[in-house]
Amino acid sequence: MDEANQRKSVTFQPKAAPKATKLSEFASNLKQSLTARESQEIVVDEIDYTPRRLAPPQYGEERFEWDQFQQTYPGEQLGETEDAAFKGNSVVSFQLGEEVIPEMEETAQAPDKPEAFDLDQEPDFSGVIDRRSPSLEKDIKTYHVKILITETDDIILFENASHTVLKDSDEAAAVEEQNVHYETKKRSRRTAVANAEAQTPELLHKSRGVNTERIMKQEVASFVSNYDMYDTYNDLERHTKEIDLAEASSSKIEITTYSREGMEDIDEMLNKSDNFHLSSMILQRLLAGNVYREKQKRFRNMYLPDPLNTDARYLYRLDTLWTYKTRETMGKAVASASWCQSDGDIVAIAYGIYGFTAFDDRSTGYVCVWSIKNPVNPERRYIFPVPVTSVAFSKRTPQLLAIGLYDGSVQIRDITDNSQVPVGVSERRTSPGFEPIWDIEWIESEDDKDEILTAAQDGTIMKYTLNIGQFLIGYQQLRLDRVEGEIEGIKVDKKRDFLEADRHPQALSLKIHPTKKDIYFVGTDEGCVHRCSINYPYQHSGVTQMHSGGVFSIEYSPWSPKIFLTCGGDWCIRIWIEEIMEPIVTLTTGFGPIQNAFWSPVNSTIIVSITQSSVQLWDLKRRMLKPASSTSFGDSTTSLTVVKFTNCGRSLLVGDSEGRTYICALEDMPFPPHFQYDELQAALYKSLICKPELLKQVKRFGYLGY
């Protein structure tokens with residue numbers, strides 16, 4: 001069926017015109033307009049949709065002319081103009097092709113409102129537009145009719161007046177019944193109600209008074225602890241078997257007492273109570289404050305040296321404040337220590353083995369989290385079936401603690417959690433190594449991932465990522481191989497007359513570059529330092545021979561991203577500058593390997609180092625041939641293992657092989673310089689006076705600070 005047949009038929013039927021009569025100009029024009037309008041009818045599907053007439057004028061000369069016009073043309077044509085012109089408003093909707101004229105519904109009957117119409121002017125027939133529709137054919141037209149809709153008077157559809165009655169009136173029962181009926185209705189059938197404030201007349205309240213007897217009150221206090229109840233029941237069980245009911249009566253009653261086996265174990269209950277542990281920790285802190293208050297103030301730097309003191313002497317002295325030790329960790333060497341980055345009062349200490357240890361002493365390991373507020377007992381205690389070899393706090397998430405174990409596994413703990421459940425544990429499927437983890441470093445990435453690097457004794461460098469699961473995601477970064485041939489760095493005589501059984505060196509130390517976070521350095525037992533990148537696994541970008549023995553520590557200066565030091569088993573501390581393959585300064589302590597060495601965070605020219613017998617403080621500004629001071633701890637049979645600056649730089653942590661950790665204050669120290677890098681640069685230039693060629697090479701690099 002074509003498009004023309006789909007349109008609805010529209011029929012225009014002419015009507016008979018009335019007889020002509022001489023009228024005024026206004027009536028004549030109105031008659032002509034009405035005649036033209038009445039000459040056509042709009043019929044759609046046999047339904048008459050012809051619009052109704054306009055309303056006549058009500059006042060003035062035009063009203064008189066309209067009445068005259070109505071008298072001239074009485075009957076069906078004009079009889080309904082005034083009374084029925086606006087009994088109901090309607091709008092016709094019919095479709096011509098694709099043009100649609102909206103259909104108006106029959107509205108309620110409205111009274112005449114002559115003020116809504118203005119017939120002072122001639123009727124406007126501009127609403128009838130002969131417009132071509134784009135969807136119609138050439139000879140087909142469509143018409144649009146404008147129809148005026150007036151506003152009717154307000155019609156009340158529903159009225160619910162609010163009534164308030166007195167509680168004890170006759171109408172109160174009916175109102176309450178109506179309220180209950182409303183509340184029991186379904187919510188879908190309830191009338192929407194909104195609470196709003198309104199001004200209401202003052203409600204009168206009726207007061208009533210009742211006389212009662214006075215209530216007597218008495219304060220009674222009683223306190224009974226669990227220990228009192230336990231002692232009471234225990235005493236009843238031992239001595240009481242029966243009770244006399246009265247003195248004059250011979251009747252007695254037997255009682256049944258509860259033995260300790262029938263009660264809950266108080267020790268076990270208190271051990272499982274988190275509130276008891278918290279209360280005990282707070283109480284221990286208060287008691288420890290009575291003993292260590294002055295030393296805690298010194299640790300917090302509340303007693304600072306006077307810079308105007310004329311009697312100041314630089315003795316580089318260590319004053320022991322207190323010692324961290326517990327009964328469980330006695331005999332376990334302090335293998336590693338790490339200060340919390342966000343709270344300098346908290347330190348994590350690993351207890352395990354340091355160096356060669358008999359097999360019988362490799363059974364258990366501990367990690368204790370200590371606070372200066374309680375130097376007697378640790379705040380947290382973690383027990384492991386194997387010795388602990390390394391610990392490290394995260395910088396981005398300071399409550400996370402990474403722990404390396406002797407069997408090659410790695411765990412991450414949250415010290416804010418009282419439970420003993422680790423946040424993440426390494427899985428044997430992704431990290432099959434079984435050698436000790438000697439060093440751990442947290443990766444400072446731009447994304448929100450918590451990742452760590454570990455250095456194992458078998459030369460494996462692993463990267464672990466913490467996820468929402470139970471296990472850490474392990475990824476092998478590198479497996480070191482022994483160095484062959486001549487390499488850059490110091491000259492070392494290597495005898496290769498024998499065949500080595502292990503082709504992989506031991507990774508003893510690990511350090512991430514302070515500015516280039518994807519670059520890290522690995523120190524091995526060959527005395528070499530491998531430069532590697534996280535972005536390029538399974539390879540290293542450079543190797544430098546820095547010691548003739550193992551490299552135990554690599555530390556960058558806090559004042560320069562290109563100056564770093566290394567210490568090792570050849571009894572030396574060497575200071576290096578990147579891209580220079582010759583040490584700038586070499587410090588020698590004597591006959592003994594140097595376990596650790598660190599830069600001072602408050603003085604650029606001070607370095608601390610530790611050997612098995614003593615702790616040395618070096619000042620590059622004053623002398624380099626021997627340390628400024630050397631301090632011993634314990635007896636001669638005890639070996640020192642770990643040394644660490646605190647975050648403030650005015651105290652030291654020293655650990656030994658017997659499980660004791662000494663917190664020492666640095667006294668009689670030189671005042672920090674105002675220009676830290678300038679002092680360090682001047683000290684290095686001074687040490688190179690006897691090496692003019694190397695001095696020129698260093699000066700060619702220019703400024704090396706941050």
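Let's start with one pair: aspartate 668 and arginine 317 form a salt bridge, and their closest N and O atoms sit 3.3 Å apart. Aspartate 668 belongs to the loop between β38 (661–667) and α7, while arginine 317 is in strand β10, so this pair ties together parts that are 351 residues apart in sequence. Keep in mind that you're looking at a predicted model. Aspartate 668 is partly exposed, at 29% relative accessible area, and arginine 317 is partly exposed too, at 37%.

Stay in that area for a moment and look at arginine 313. You'll find arginine 313 in the loop between α6 and β10 (317–324). Its C-alpha atom is 8.2 Å from that of proline 670, although the two residues are 357 apart along the chain. Arginine 313 counts as exposed because its relative accessible area is 59%, and the cut-off for that label is over 50%.

Now zoom out. The chain has 706 residues, and 39% of them count as buried. It's built with 8 helices and 38 strands. If you take the contacts with a separation of 6 or more, 54% of them come from residues 24 or more positions apart. On the outside, the chain exposes about 44,000 Å², and carbon and sulfur atoms supply 51% of that.

Back to the charged pairs. A search of the whole structure turns up 18 salt bridges. Side chains of opposite charge can pair when their charged atoms come close. Take aspartate 450 and arginine 396, whose side chains meet in a salt bridge at 2.5 Å, N to O. This pair also links distant parts of the chain: aspartate 450 is in the loop between β19 (437–443) and β20 (451–456), arginine 396 is in the loop between β15 (388–393) and β16 (400–405), and the two are 54 residues apart. Which label does each partner get, buried or partly exposed? Aspartate 450 is buried, since its relative accessibility is 13%, whereas arginine 396 is partly exposed at 44%.

Then there's the salt bridge between aspartate 619 and arginine 622, at 2.9 Å from N to O. Aspartate 619 is buried, with a relative accessible area of just 2%, and arginine 622 is partly exposed at 40%. Elsewhere, salt bridges with shared partners join Lys395, Glu444 and Lys517 into one network.

Next, the interior. In soluble globular proteins, nonpolar side chains tend to be buried together. Here the largest nonpolar core has 26 residues, and Ile563, Ile575, Ile584, Trp599 and Leu620 have the most contacts inside it. Several elements each supply at least two residues of this core: β29 (563–568), β30 (572–577), β31 (585–588), β32 (596–599), α7 (676–687) and α8 (692–700). Which of them gives the most? That's α7, with 4 residues. Leucine 620 is a handy place to look around from: leaving aside neighbours within four places in sequence, leucine 620 is in contact with Ile575, Leu587, Trp599, Thr605, Ile607, Leu680 and Ala683.

For another buried spot, go to threonine 524 in strand β25 (residues 519–524). With a relative accessible area of 0%, threonine 524 is buried. What is threonine 524 in contact with, leaving aside its neighbours within four places in sequence? The list is Leu480, Pro505, Gln506, Leu508, His530, Gly549, Gly550 and Val551.

What about the cysteines? A disulfide is a covalent bond between the sulfur atoms of two cysteines. In this model the disulfide count is 0. Cysteine 528 is buried, at 0% relative accessible area, and cysteine 664 counts as buried as well, also at 0%.

Finally, nonpolar side chains turn up on the outside too. Leu278, Ile282, Leu283, Leu286 and Leu287 form a nonpolar patch on the surface, and together they have about 490 Å² of accessible area. Isoleucine 282, one of that group, sits in helix α6 (residues 274–299). Isoleucine 282 counts as partly exposed because its relative accessibility is 43%. Helix α6 is also where our tour of arginine 313 began, since that residue is in the loop between α6 and β10.

Conventions. Residues numbered from 1 in each chain as written. Predicted model: local features only at pLDDT ≥ 70, side-chain atom pairs only at ≥ 80, totals over all residues. Heavy atoms only, no water. Buried < 20%, exposed > 50% of the residue type's maximum accessible area, 1.4 Å probe, protein only. Contact = heavy atoms within 4.5 Å. Areas by Shrake-Rupley, 256 points an atom, 1.4 Å probe, with all protein chains shown as cover. Patch = residues over 30% accessible without salt bridge, like charges linked within 9 Å, V, L, I, M, F, W, Y side chains within 5 Å. Salt bridge = Lys/Arg side-chain N within 4 Å of Asp/Glu carboxyl O. Disulfide = S-S within 2.5 Å. Core = buried A, V, L, I, M, F, W, Y, C linked by side-chain atoms within 4.5 Å.
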